[in-house]
Amino acid sequence: MTVLKYILFIGLFSTGVLGSVEGIRWLPCQLVEEFFHRNSEGHLETSFHHRDVFLQFGKTGDLPEFPEAVTFLVTVHAGSKMDMRHYADGDPGDLRCEIRRYSTAGIQVLWKGPEAQEDDVWFTCALQHSQGLFSITTFLRHRPATPPNPQDDINKWSPIGERETLSTTAVMLVLTRSPAVTSALMRDPTLHCQFAVDHKQPDLTVEWRLQKHSERKKLYSFSSRSGTSEGRGVSVRGLSNGNASLLLPPTTTASEGIYICSIYVPPLYGSQDISLQILESPRVSLNVGPTLQLSEGESQKVVCDAEGYYPLDVQMEWLRQHQSQRLPEILKTVLFSSHRHHPGGTYSLSAFFFLQPTARDSGYTYTCRTSHASLRTPIRKSFTLLVTESASWTDIICGVGMFAFVGIMIYILLVMLRYLHRAKKESKVSDTVGIICYFKL
Ligand SMILES: *[C@@H]1O[C@H](CO)[C@@H](O)[C@H](O)[C@H]1NC(C)=O
């Protein structure tokens with residue numbers, strides 16, 4: 001029965017029938033446990049064990065939906081700010097859930113929330129959306145039936161039995177709705193970070209740090225003890241409502257990195273990593289207009305410029321296609337400038353070729369296609385080539401001759417018309433008609 005229920009659940013999950021996270025009663029989850037053992041040389045070694053468990057939402061004493069599995073029963077009031085479901089949205093099938101033990105090692109402070117005791121143990125539950133809609137970390141407090149004796153075991157954890165149900169209470173959560181942010185240059189994005197704690201006026205430290213490569217820089221900090229903050233971009237008033245979002249100053253290429261929002265309420269330390277990536281699109285232009293007219297044998301350098309993009313990777317191609325062709329051909333004679341680096345951190349590149357057409361090239365459309373991480377579809381810039389047959393000296397002489405001939409003919413015609421006019425008055429029409437007919441022939 002329960003296996004069926006599970007299969008049905010997974011089915012509903014993957015088809016997205018469940019729709020909203022807010023109302024779900026349980027979630028499949030991974031319990032990741034870290035174990036230490038001493039190897040033959042007496043050194044401590046770490047190993048990780050992954051177990052399939054269930055996260056179930058309800059009240060103390062609820063029976064597990066899946067009795068043959070380990071269940072973490074999270075006791076929350078529906079709609080409470082400590083309910084992680086309240087912050088999760090999107091399709092439940094896109095959720096990743098991971099539970100880990102959390103050690104307060106070294107911090108001998110009792111949690112100030114209701115009903116907390118010294119023997120309590122901690123877990124974190126990380127709920128992440130696979131397409132990056134959000135990431136939530138919830139701290140779960142659990143009171144073990146028998147307090148562990150720290151001397152017993154190097155792991156200092158009581159093992160969790162095959163079918164155990166652990167009753168837990170959510171006491172703090174930290175989340176972001178912007179785990180991966182992309183921004184163009186000169187924008188001021190807000191990096192979202194929010195938290196909730198189960199008691200009023202917690203002893204709170206909020207910090208934002210930027211990690212680039214291996215370097216960490218403190219951007220902002222606030223301490224409720226001193227009531228002071230350092231740095232800018234976070235509203236202190238917002239912090240009292242759990243809003244720790246950071247408003248960044250206008251972005252440059254140096255703004256890229258991992259921004260870490262951390263919330264410390266002793267003895268719990270929660271954080272979210274937010275990656276900021278700068279994506280600036282190229283401006284693409286050609287050095288020729290939409291139609292390029294060349295005479296046979298004439299030569300023209302055709303340049304496609306992509307300017308002001310970031311990051312460096314860009315793909316530029318020249319294609320050509322005739323109306324009668326179904327697919328364009330890629331030009332193989334294209335040359336590239338080297339990447340030019342500009343003071344603002346952006347780059348430029350040119351793709352060019354020399355066009356020396358024959359009459360057969362006339363009517364082809366040439367397209368410069370530029371692809372870049374900042375673009376959903378490549379930028380295309382095109383021109384159509386028209387090739388005129390080259391003018392020889394005899395052509396020119398013939399042209400001038402024709403022009404002169406037509407001019408003389410018009411002159412004669414005008415003279416004749418005047419003559420006709422006068423002749424009409426003198427009633428000598430018939431002779432003139434004869435002359436005009438002669439000219440027409
Ligand atoms: C949270 O704070 C940020 C930055 O101060 C602000 O832009 C945002 O509107 C606030 N969000 C809410 C829901 O108040």
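**A tour from a loop to the cores and the ligand**

Begin by selecting Ala359, which sits in the loop between E24 and strand E25 (365-372); bear in mind, as you look around, that this is a predicted model. Ala359 is partly exposed, with a relative accessible area of 35%, and, once its neighbours within four places in sequence are set aside, Ala359 is in contact with Glu296 and Val387. Add Leu386 to the selection as well: although Ala359 and Leu386 are 27 residues apart in sequence, their C-alpha atoms are 8.5 Å apart in space.

Next, turn to the interior and select Met172, Trp208, Ile263, Trp318 and Phe383, which are the residues with the most contacts inside the largest nonpolar core, a group of 59 residues. Strand E24 (residues 347-355) gives the most to this core, contributing five residues, and at least three residues come from each of domain 1 (2-278) and domain 2 (283-388). In soluble globular proteins, nonpolar side chains tend to be buried together.

Keep Phe383 selected and display what surrounds it: leaving out residues up to four places away in sequence, Phe383 touches a set that includes Leu286, Val288, Pro290, Trp318, Leu355 and Tyr366. Apart from this core lies another one, of 32 residues, among them Met84, Leu127, Leu166 and Ala196.

Now move to Leu279, in the loop between strand E16 (268-278) and strand E17 (283-286). Is Leu279 buried or exposed? With a relative accessibility of 18%, Leu279 falls under the 20% limit and so counts as buried. Beyond its neighbours within four places in sequence, Leu279 is in contact with Thr182, Ser183, Ala184, Tyr310, Pro311, Ala373 and Ser374. Tyr309 is also worth selecting here, for Leu279 and Tyr309 are 30 residues apart in sequence, yet 7.6 Å apart in space from C-alpha to C-alpha.

Another loop to visit is the one between strand E3 (70-75) and strand E4 (95-102), where you will find Ser80. Ser80 is buried, with a relative accessible area of 19%, and a polar atom of the Ser80 side chain lies 2.9 Å from the backbone nitrogen of Met82.

Finally, select the ligand. Which residues are around the ligand? They are Ser235, Asn243 and Ser245, and in the case of Asn243 an N or O atom of the side chain is 2.4 Å from an oxygen atom of the ligand. Taken alone, the ligand exposes 370 Å², of which the protein buries 39%.

Methods:
Residues numbered from 1 in each chain as written. Predicted model: local features only at pLDDT ≥ 70, side-chain atom pairs only at ≥ 80, totals over all residues. Heavy atoms only, no water. Core = buried A, V, L, I, M, F, W, Y, C linked by side-chain atoms within 4.5 Å. Buried < 20%, exposed > 50% of the residue type's maximum accessible area, 1.4 Å probe, protein only. Helix = DSSP H or I, 4+ residues; strand = E, 2+ residues; numbered from the N terminus. Domains from an automatic or database assignment. Contact = heavy atoms within 4.5 Å. Polar contact = N/O pair within 3.5 Å; in protein donor to acceptor, adjacent residues only side chain to side chain. Near = heavy atom within 4 Å. Areas by Shrake-Rupley, 256 points an atom, 1.4 Å probe, with all protein chains shown as cover.
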